[in-house]
Amino acid sequence: MKKHYQGAAHIAVRTADLKTSIAFYEKIGGEVIAEDLLETADGPQPMALVSFAGYVLELIRPAIVPELSDGCIPHFAVYVDDVDEAAKDLEELGIHTFMTPEKKVLPTLFGGLENRFFRGPSGEQIELLKMYK
């Protein structure tokens, strides 16, 4: 099966408000690739593809919006060169949804890493991640 894999395609993120999510990801460096509308049995489902930090996020506003209080995906991680500086830059953009007051350093996990999580507008958790190896 591995021979068929060609890399990551996208990460689907359910959102309660597509325009708010697009604006959020554009504010932190994302770029809209495409927007579309999928007709479903429950009604229209607006969608957008957003390029962000090497990922493509498929933002989906379901026709019937589910409760998103626990987030719409567990999390996705973005490699950064400096967790503190990346967090500082986000805070300067007005992003104040960090889940801890400072980064966590885990020197033995996967050869050592540091990280810090913040939330997107629909509760999705985004991890700023620096791996030591």
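**Questions about a predicted model**

User: Which residues have the most contacts inside the largest nonpolar core?

Analyst: A nonpolar core is a set of buried Ala, Val, Leu, Ile, Met, Phe, Trp, Tyr and Cys residues joined through side-chain atoms within 4.5 Å. Buried means under 20% relative accessible area, exposed means over 50%, and partly exposed lies in between (1.4 Å probe, protein chains only). The largest such core here has 25 residues, and those with the most contacts inside it are Tyr-25, Ile-28, Leu-59, Phe-76, Phe-118 and Leu-128.

User: Before we go on, what pLDDT do local features need in this model?

Analyst: Residues are numbered from 1 along each chain as its sequence is written, and side-chain values use heavy atoms, with hydrogens and water left out. This is a predicted model, so totals for chains, interfaces and linings use all residues, side-chain atom pairs count only at pLDDT 80 or more, and local features need pLDDT of at least 70.

User: How many helices and strands does the protein have?

Analyst: Both kinds are DSSP runs numbered from the N terminus: helices are H or I with at least four residues, strands are E with at least two. Along the sequence they follow the pattern β-α-β-β-β-β-α-β-β-β. The totals are two helices and eight strands.

User: Nice, so which elements give two or more residues to that largest core?

Analyst: Let's return to the core of 25 residues. Its contributors of two or more residues include both helices and several strands: helix 1, strand 3, strand 4, strand 5, helix 2 and strand 8.

User: What is the order of the strands in the open sheet of four?

Analyst: Two strands pair if DSSP finds at least two bridges between them. In this sheet the pairing is mixed, and the edge strands, each pairing on one side only, are strand 1 (11-14) and strand 2 (31-40). The order is 1-4-3-2.

User: How many bridges join strand 2 to strand 3?

Analyst: These two strands form a hairpin with two residues between them. One matched pair to look for is Ala-34 with its bridge partner Leu-49 in strand 3. The two strands run antiparallel, and the number of bridges is nine.

User: And which residue of strand 4 does Met-47 stand opposite?

Analyst: Strand 3 (residues 43-52) and strand 4 (residues 55-60) pair in the antiparallel sense over six bridges. Opposite Met-47, in strand 4, stands Ile-60.

User: What angle does helix 1 make with strand 3?

Analyst: Axes are lines fitted to C-alpha atoms, for helices over the stretch in contact, and angles run from 0 to 180 degrees between N-to-C directions. Contact means heavy atoms within 4.5 Å. Helix 1 (residues 18-27) packs on the sheet, touching strand 2, strand 3 and strand 4, and its direction makes with that of strand 3 an angle of about 0°.

User: Why are the buried residues of helix 2 on the same side?

Analyst: Helix 2 (residues 83-92) has Val-83, Ala-86, Ala-87 and Leu-90 as its buried residues. The arc is that of the directions from the helix axis to the C-beta atoms. These residues sit on the same side of helix 2 because they cover an arc of only 100°.

User: Which strands are among what covers those buried residues of helix 2?

Analyst: Recall that the residues in question are Val-83, Ala-86, Ala-87 and Leu-90. Their cover includes strand 7 (113-119) and strand 8 (125-131).

User: Is Arg-116 buried or exposed?

Analyst: Arg-116 is found in strand 7. Among the residues that Arg-116 touches are Val-83 and Ala-87. Its relative accessible area is 9%, so Arg-116 counts as buried.

User: How far is the backbone oxygen of Thr-100 from a polar atom of the side chain of Arg-116?

Analyst: A polar contact is a pair of N or O atoms within 3.5 Å; within protein, one must be able to donate a hydrogen and the other to accept it, and residues adjacent in sequence count only if both atoms are side-chain atoms. The side chain of Arg-116 reaches the backbone oxygen of Pro-101 at 3.2 Å. For the backbone oxygen of Thr-100, the distance is 3.0 Å.

User: How far apart in space are Val-65 and Gln-45?

Analyst: Val-65 lies in the loop between strand 4 and strand 5 (76-79), and is partly exposed at 35% relative accessibility. Gln-45 is found in strand 3 and is buried at 16%. The two are 20 residues apart in sequence, and from C-alpha to C-alpha their distance in space is 9.8 Å.

Methods. Lists of a residue's contacts leave out its neighbours within four places in sequence.
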